[in-house]
Structures are given as structure tokens and as C-alpha cells.
Amino acid sequence: MNKVILMGRLTRDPEVRYTQTSNTLVASFSLAVNRRFVRQGEERQADFINIVAWGKLGEFCSKYFKKGQQVGIVGRIQTRTWDDDQGQKHYVTEVVAEEAYFADSKRDADSTSANFDATFGTMPSTGASTNSDFEISSGDDLPF
């Protein structure tokens, strides 16, 4: 099984590009994910994880995610290699996002993006998923 769950802060705004063959949107960004343990007398360390999000999820990330925001990503690890023009081999390990969520508290989100609501409307609270199985309308009866 190849499943990754990360929570961290965006180190930069997502960068958008399109594939040459099918013109599919792909957003790339990086998350600073704090390590769980801190050695006594040292500062907390973080790992910087590269993330790619394709299609609608990539569009969502590019539109709503900004540098410094805390987000949650669910996806899978992918490795790839290629040779550059000089024949040098390059290796990349990245997370391909399958789900993306806002993880800031409401107060943090208000302070880091004060003009967000004025510009884009209300921020979605549950994030986005590329494979939603159902929708709940306001008229549905819920068992809780």
C-alpha cells in the first residue's frame, strides 16, 4: 500500500503549468512538515516535501492555497527519473496529492489571509477531494 498523510505549511504559492500533450493542469508546491521529536538543546527540524496535484485538485490548490498556510495532504509517493541535455540523470521523489484540506484554525486563517473572504467569498471548511462518493444537501436527514 502506498499512502501518505501530511500536515505542514506551504513554503511558497503553488506553481501552475500545463502538460504539453493533453493540456492538463498540474500544480506543484512544497510543504514544510515538522519532525515529531526535538532533541534536547536543538531547534525543531522540518522536512520539505514536494507535492504535485493534477486536474481539478490542482486547480483548487492553486486558487486557495497560499504561502504560509497550514494544509493537510493525502496522497501517494512517486519517484521518477530523467536525463537532461548533458546526459546527467536526475531523480525526484514527490507526493502526488489525492486529497487536500485546509488545516489552519479559523483564527490563524483569519490572521494570515485577512482579505481572503472579501476577495473569494467564504473559505471552504472541508477542503477538496478528487473522488467524492456522495454529496449531502441541506435537506438530507443525518443520523447525528
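## R9 and D104

R9 is partly exposed, with 34% relative accessible area. This value comes from a predicted model. R9 sits in strand β1, which spans residues 4-10.

R9 has a partner, D104, and the two form a salt bridge. Their closest N and O atoms are 3.2 Å apart. The pair joins distant parts of the chain, with the two positions 95 residues apart in numbering. D104 lies in the loop between β6 (89-102) and α2 (106-112).

Is D104 buried or exposed? D104 has a relative accessibility of 15%. The cut-off for buried is under 20%, so D104 counts as buried. R9, in contrast, is partly exposed.

## R35 and D47

A second salt bridge brings together the side chains of R35 and D47. Here the N to O distance is 2.8 Å. R35 is in the loop between β3 (25-34) and β4 (46-54). D47 belongs to strand β4 itself. The two residues are twelve residues apart, and the pair links distant parts of the chain.

How accessible is each partner, and which class does it fall into? R35 reaches 38% relative accessibility, which counts as partly exposed. D47 has a relative accessible area of 29% and is also partly exposed.

## D83 and K89

D83 and K89 meet through their side chains in another salt bridge. The distance from N to O is 3.8 Å. K89 is partly exposed, at 43% relative accessible area.

## The full count

How many salt bridges does the structure hold? There are five. Among them are R9 with D104, R35 with D47, and D83 with K89.

Methods
Residues are numbered from 1 along each chain as its sequence is written. This is a predicted model: local features need pLDDT of at least 70, side-chain atom pairs count only at pLDDT 80 or more; totals for chains, interfaces and linings use all residues. Side-chain values use heavy atoms; hydrogens and water are left out. A salt bridge is a side-chain nitrogen of Lys or Arg within 4 Å of a carboxyl oxygen of Asp or Glu. Helices (H or I, at least four residues) and strands (E, at least two) are DSSP runs, numbered from the N terminus. Buried means under 20% relative accessible area, exposed over 50%, partly exposed in between (1.4 Å probe, protein chains only).
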